[in-house]
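Biologist: Please take a close look at one part of this model for me. I would like to understand the sheet and what packs on it.

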Amino acid sequence: MSTEAPTADRASILLVDDMEDNLVALEAVLGSLNEPLVRARSGEEAMKALLRHKFAVVLLDVRMPGMDGFETASNIKRLDQTKDVPIIFLTGTDADSGYAFRGYATGAADFLTKPFDPWVLRAKVNVFLDLHRKNRQLERMLARERDHLGEIAERLTSIELELARTGPADAPDLRTQLTRMEEILQDLRRVRG
C-alpha cells in the first residue's frame, strides 16, 4: 500500500487510485517534493491509511470500483480525525460536468482532470504541504505555551501554599492576587486549548 512510511515530522501525501499506471504517474510527478507518498488502491484502503497516519493532502480518484471517490470523501469528512484533511479529486477527461460540483459538495478542496499538468499538480499539492507544516508549527507553539501556563499555575499554587504555611500579615491580600492570577491562567488555557 505505501511507497514510504509517513513520519510525524513530514507532510505525507495519500495517493488513492485503483489503476497502477495512475499511481506510478502521481509518484513520478510528486516524488521531487521529497515527502512520503502513500498508496491506496481503493476507498477502503484510503480510510485505513487515514486512520493510521496524518496526511497533508489526499489525491483521490473519482471513479473506483467499490467505494468511489465521492463516497470515500464523504467518509473522510465525516470523521473528526480526518475531516480537516484537504482532498484534491482527480478524474478522467470523460467525466461528467456534475462531477466537479459533486466533488466540491463532498468537501473537495480542488478538482483536476486527467491528464493533468504536472507543474499545476505539484504547485497545488505544495500549497497544502505548506499549510500542513504551518499548522504543525502552530500546534507545537500552542503546546509549548500550554506547558508554560501549566508551569506558572504550579508555581502560583506553590507560592499560595507557602503563604498559607508561613502566614505573613498581608497573606490574605496576596492570596486574593494569586487566586486572580490563577483564574486568568485558567481562562488563557480555555482560550488556547
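Modeller: Here is the sheet, after a brief word on the chain around it. Keep in mind that this is a predicted model. The chain holds 6 helices and 5 strands. Read from the N terminus, the elements follow the pattern β-α-β-α-β-α-β-α-β-α-α.

Now the sheet. It is open, has 5 strands and pairs them in parallel, in the order 2-1-3-4-5. Two strands sit at the edges: strand 2, residues 37-40, and strand 5, residues 110-113. Each of these pairs on one side only. Between neighbouring strands the average turn is 20 degrees, with direction ignored. Strands of a sheet pair through backbone hydrogen bonds, either parallel or antiparallel.

Take one pair from this sheet. Strand 3 covers residues 57-61, and strand 4 covers residues 87-91. The two run parallel, joined by 4 bridges. One residue pair can be named here: Asp 61 has Leu 90 in strand 4 as its bridge partner.

Next, the packing. Helix 4, residues 98-105, lies on the sheet and touches both strand 4 and strand 5. The direction of helix 4 makes about 150 degrees with that of strand 5.

Last, the whole chain as a setting. Of its contacts with a separation of 6 or more, 63% link residues 24 or more positions apart. Buried residues account for 39% of the 193 residues. The exposed area is about 11,100 Å², and carbon and sulfur atoms supply 54% of that.

Notes
Residues numbered from 1 in each chain as written. Predicted model: local features only at pLDDT ≥ 70, side-chain atom pairs only at ≥ 80, totals over all residues. Heavy atoms only, no water. Buried < 20%, exposed > 50% of the residue type's maximum accessible area, 1.4 Å probe, protein only. Contact = heavy atoms within 4.5 Å. Areas by Shrake-Rupley, 256 points an atom, 1.4 Å probe, with all protein chains shown as cover. Pairing = 2+ DSSP bridges. Axes fitted to C-alpha atoms, helices over the stretch in contact; angles between N-to-C directions.
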